[in-house]
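Please open the model in your viewer, with a cartoon representation and residue labels at hand. The tour below goes from one selection to the next and says what is to be found at each stop.

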Amino acid sequence: MPEAVVVLGAAGFVGRHLVPALAARGYEVHPRARGQVLAPTLAGGVRLTHVVNLAGRTYVPDSWDDPVAFYQDNVVTTAEALRLCRSSGAALVHVSSYVYGTPQQLPIAETHPLSAFNPYAHSKILGEAVVDFHRAHLGVRAAVVRPFNLYGPGQDARFVVPTILRQLLDPTLTEVAVGDPTPRRDYLYIDDFVALLLAVVSAAATGTYNAGSGGSVSVAELAREAGRAAAVDKPLRGSGIGRPNEILDVIADIAHARAELGWRPRVSLIDGLRSMVAAATPPTRRP
């Protein structure tokens, strides 16, 4: 029987990559914009099997300025997605992130305690609590996927990877400026994350899964790799201004996704950065 998938937040960074990937796998895809949780009209013989919840706000600094908007989009929209699942019998794939706080150990497994230290993280933890309640008491099948630092073509220019690449590729700039070059993060290329989401949908999985590379690099190391990818050599300047309560290092423990779903990341950091450079560089016109 043909299967349909509703993708909430389909116009966002992940959604723009996931929707065509689902369609290529033969799913009937029903994209939804943020805040638009509607039951799809399905053709005869097609059944709705999954709702993928990508909807929400993601930029941490904005959460301090307007926390109410983050609770609305990251908690209330999750409850609305679960209502759609209850009415249709579909399973939920809920994308969460930034929920572990300061790591008690590295790498970070899915069993690590959750801890919020900004409104964005708090809203994601509350969203997961809503999913857990519906899973335990209302019979909704649900999986939670927790990506670490995603990157790839089409990402919001305010995030660190596009910020570095923009400065490298701008011929009017002589250096790359960042805030604090020392924090280390676990970067995962968007195609690898989409592959994990496809695996969760295909397997009808109901667990909680980290999504990362299994290693970390500092902002300074990231800038050096980006320079290699762009074949541009510019000095890095750190302003010395870091975020409040900055976490110095995070590494995802991805053993659970590997064991349960056979998933592992395949795109190296340098190859992912090269793909972003290629996407950002207009093709050379021949005379």
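Begin with A231, which at 73% relative accessibility counts as exposed, because the threshold for that class is over 50%. Select A231 together with its flanking elements, and you will find it in the loop between α7 (219-230) and β12 (236-238). If you compute the backbone torsions there, A231 has a positive phi of about 55 degrees although it is not a glycine. Most residues other than glycine have a negative phi, and most peptide bonds are trans. As this is a predicted model, both the torsion and the accessibility are properties of the predicted coordinates.

**The whole chain**

Zoom out next to the protein chain as a whole, which contains 9 helices and 12 strands. Its radius of gyration is 19 Å, close to the 19 Å that the globule rule gives for 287 residues, so the chain is as compact as a globular protein of that length. Taken along the principal axes, the C-alpha atoms fill a box of roughly 60 × 55 × 35 Å. If you colour by accessibility, 48% of the 287 residues count as buried. Should you draw a contact map, then among contacts between residues at least 6 apart in sequence, 80% join residues at least 24 apart.

**The sheet and its helices**

Now select β1, β2, β3, β4, β5 and β10; these 6 strands form an open sheet with parallel pairing, and the order across it is β2-β1-β3-β4-β5-β10. Which strands stand at the edges? They are β2 (28-32) and β10 (208-211), each of which has a single partner strand, so one side of each is left without a neighbour in the sheet. From one strand to the next, the twist averages 20 degrees.

For a closer look at one pairing, keep β1 (residues 3-8) and β2, which pair in the parallel sense over 5 bridges. Within this pair, A4 stands opposite E28 in β2.

Add helix α3 (residues 67-88), which lies across β1, β3 (47-53) and β4 (91-95) and runs at about 170 degrees to β3. Then add helix α4 (residues 119-137), which lies across β4, β5 (142-147) and β10, running at about 160 degrees to β5.

**A lysine in helix α4**

Stay with helix α4 and select K124, which is placed in it. Is K124 buried or exposed? K124 is buried, yet it has no salt bridge, and the nearest side chain of opposite charge, E128, is 7.6 Å away. To see what surrounds K124, show N74, V95, S96, S97 and V99, with which it is in contact once its neighbours within four places in sequence are left aside.

**The loop between β4 and α4**

Select Y98, whose place is in the loop between β4 and α4. Its phi is near 60 degrees, a positive value in a residue other than glycine, and at 29% relative accessibility Y98 counts as partly exposed. P107 is also found in the loop between β4 and α4, and the peptide bond from L106 to P107 is cis, with omega near -5 degrees.

**Salt bridges**

For the last stops, display the charged side chains; a search of the whole structure finds 11 salt bridges. One of them joins E221 and R184, whose side chains meet at 3.1 Å, N to O. This pair links distant parts of the chain, since E221 is in helix α7 and R184 in strand β8 (residues 184-185), 37 residues apart. E221 counts as partly exposed at 25% relative accessibility, and R184 is partly exposed with a relative accessible area of 26%.

Remaining on helix α7, select R228 and E225, which form a salt bridge with the closest N and O atoms 3.0 Å apart. Both residues lie in helix α7, 3 residues apart, about one turn of the helix; E225 counts as partly exposed at 22% relative accessibility.

Move finally to helix α9 (residues 269-280), where R274 and D271 are 3 residues apart and therefore separated by about one helical turn. R274 forms a salt bridge with D271, the closest N and O atoms being 3.4 Å apart. R274 counts as partly exposed at 40% relative accessibility, and D271 is partly exposed with a relative accessible area of 39%. To close, select D62, D156 and R158, which salt bridges with shared partners join into one network.

Definitions and conventions. Residues numbered from 1 in each chain as written. Predicted model: local features only at pLDDT ≥ 70, side-chain atom pairs only at ≥ 80, totals over all residues. Heavy atoms only, no water. Pairing = 2+ DSSP bridges. Helix = DSSP H or I, 4+ residues; strand = E, 2+ residues; numbered from the N terminus. Axes fitted to C-alpha atoms, helices over the stretch in contact; angles between N-to-C directions. Contact = heavy atoms within 4.5 Å. Buried < 20%, exposed > 50% of the residue type's maximum accessible area, 1.4 Å probe, protein only. Lys, Arg positive; Asp, Glu negative; His and termini not counted. Salt bridge = Lys/Arg side-chain N within 4 Å of Asp/Glu carboxyl O. Rg over C-alpha atoms; globule rule 2.2 N^0.38 Å.
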